[in-house]
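Student: Hi! Could you walk me through the charged contacts in this chain? I'd like to start with how far to trust the coordinates.

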Amino acid sequence: FIDTKKDDLSDNERRHIARYNFAASFFSGSNKILDGACGCGYGSNILAATGASVVSVDLNMRAIDFAINRYGSLERITGKIDFRRADLTTLCVPSNSLDGVVSLETLEHVDIGSCRTYIKNIRRWIKPGGILVASSPMLRYRNGKPYVTNPFHINEQPKKELLEMFHSLLPDFQMTFFHQKEEIFVPLDNEETGFCIAVGRKRS
């Protein structure tokens, strides 16, 4: 759990919060957003503060229970959060029904087949003009060999493969890629490793 209001946040916690704040900047009060793999719900709370309605999904029931107890009963002028336990690869969402999908700290935690299925679902769920904001670390190399720093990451891809996956599975999205440097997001140019944030707008 990350308490977004405490003063002594760690560097890693600040980076996590910065990603959600960056994602939230693309949405407003008239939007309906899916927060895919919402975890304990702090990010959904950030998204709801825009005034948007947020459907927050995670497979972990303990995380969902915590999120409901912490945020789920909040109905505010600025928005509402609906927490649900579900699998993102089989989640039932009507086509062209969402203004956006935010999926942070997700893709690297699922196998490549499930990852591709999920992205295909996102393409169908988002309405024309809608936005996807997704993140993934780009595979690091040491002495010419790939290595993964987090044992829970089972699907870290090299930059080229990661970007090609987004382009191939989301052909009707205008994609822009960013690199996270602490709490700042800059265009992903020559960076080959580190954290990638993909922002895609579905063409009308």
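Tutor: Happy to; we'll take confidence and then the salt bridges.

Student: Great. What is the mean pLDDT of the chain?

Tutor: This is a predicted model, and the mean pLDDT of the chain is 91. Of its residues, 93% reach 70 or more.

Student: Which elements have the lowest and the highest mean pLDDT?

Tutor: Strand E3, residues 75-76, has the lowest at 48, while strand E5, residues 98-103, has the highest at 98. Where pLDDT is low, the predicted coordinates should not be read in detail.

Student: Noted. On to the charges: how many salt bridges are there?

Tutor: The count comes to 9. One of them joins the side chains of Arg19 and Glu105, with N to O at 2.5 Å.

Student: Where do Arg19 and Glu105 lie?

Tutor: Arg19 is in helix H1 (residues 11-24), and Glu105 is in the loop between E5 and helix H4 (112-125), so this pair ties together parts 86 residues apart in sequence.

Student: And is Arg19 buried or exposed?

Tutor: Arg19 counts as buried, because its relative accessibility is 5% and the cut-off for buried is under 20%. Glu105 is partly exposed, with a relative accessible area of 22%.

Student: What does Lys127 pair with?

Tutor: Lys127 forms a salt bridge with Asp99, and their closest N and O atoms are 3.5 Å apart. That pair links distant parts of the chain, with Lys127 in strand E6 (residues 126-138) and Asp99 in strand E5, 28 residues apart.

Student: Why does Asp99 count as buried?

Tutor: Asp99 has a relative accessibility of 17%, and buried means under 20%. Its partner Lys127, at 29% relative accessibility, counts as partly exposed.

Student: Switching again: which residue does Lys159 meet in a salt bridge?

Tutor: The side chain of Lys159 meets that of Glu192, at 3.8 Å from N to O. Lys159 lies in helix H5 (residues 159-169) and Glu192 in the loop between strand E10 (184-187) and strand E11 (194-202), so parts 33 residues apart in sequence are tied together.

Student: How accessible are Lys159 and Glu192?

Tutor: Lys159 counts as buried at 11% relative accessibility, whereas Glu192 counts as partly exposed at 49%.

Student: One last thing. Which residues are joined into one network by salt bridges that share partners?

Tutor: Those are Asp11, Arg14 and Glu183, joined by salt bridges with shared partners.

Key: Residues are numbered from 1 along each chain as its sequence is written. This is a predicted model: local features need pLDDT of at least 70, side-chain atom pairs count only at pLDDT 80 or more; totals for chains, interfaces and linings use all residues. Side-chain values use heavy atoms; hydrogens and water are left out. pLDDT is the predictor's confidence in each residue, from 0 to 100. Helices (H or I, at least four residues) and strands (E, at least two) are DSSP runs, numbered from the N terminus. A salt bridge is a side-chain nitrogen of Lys or Arg within 4 Å of a carboxyl oxygen of Asp or Glu. Buried means under 20% relative accessible area, exposed over 50%, partly exposed in between (1.4 Å probe, protein chains only).
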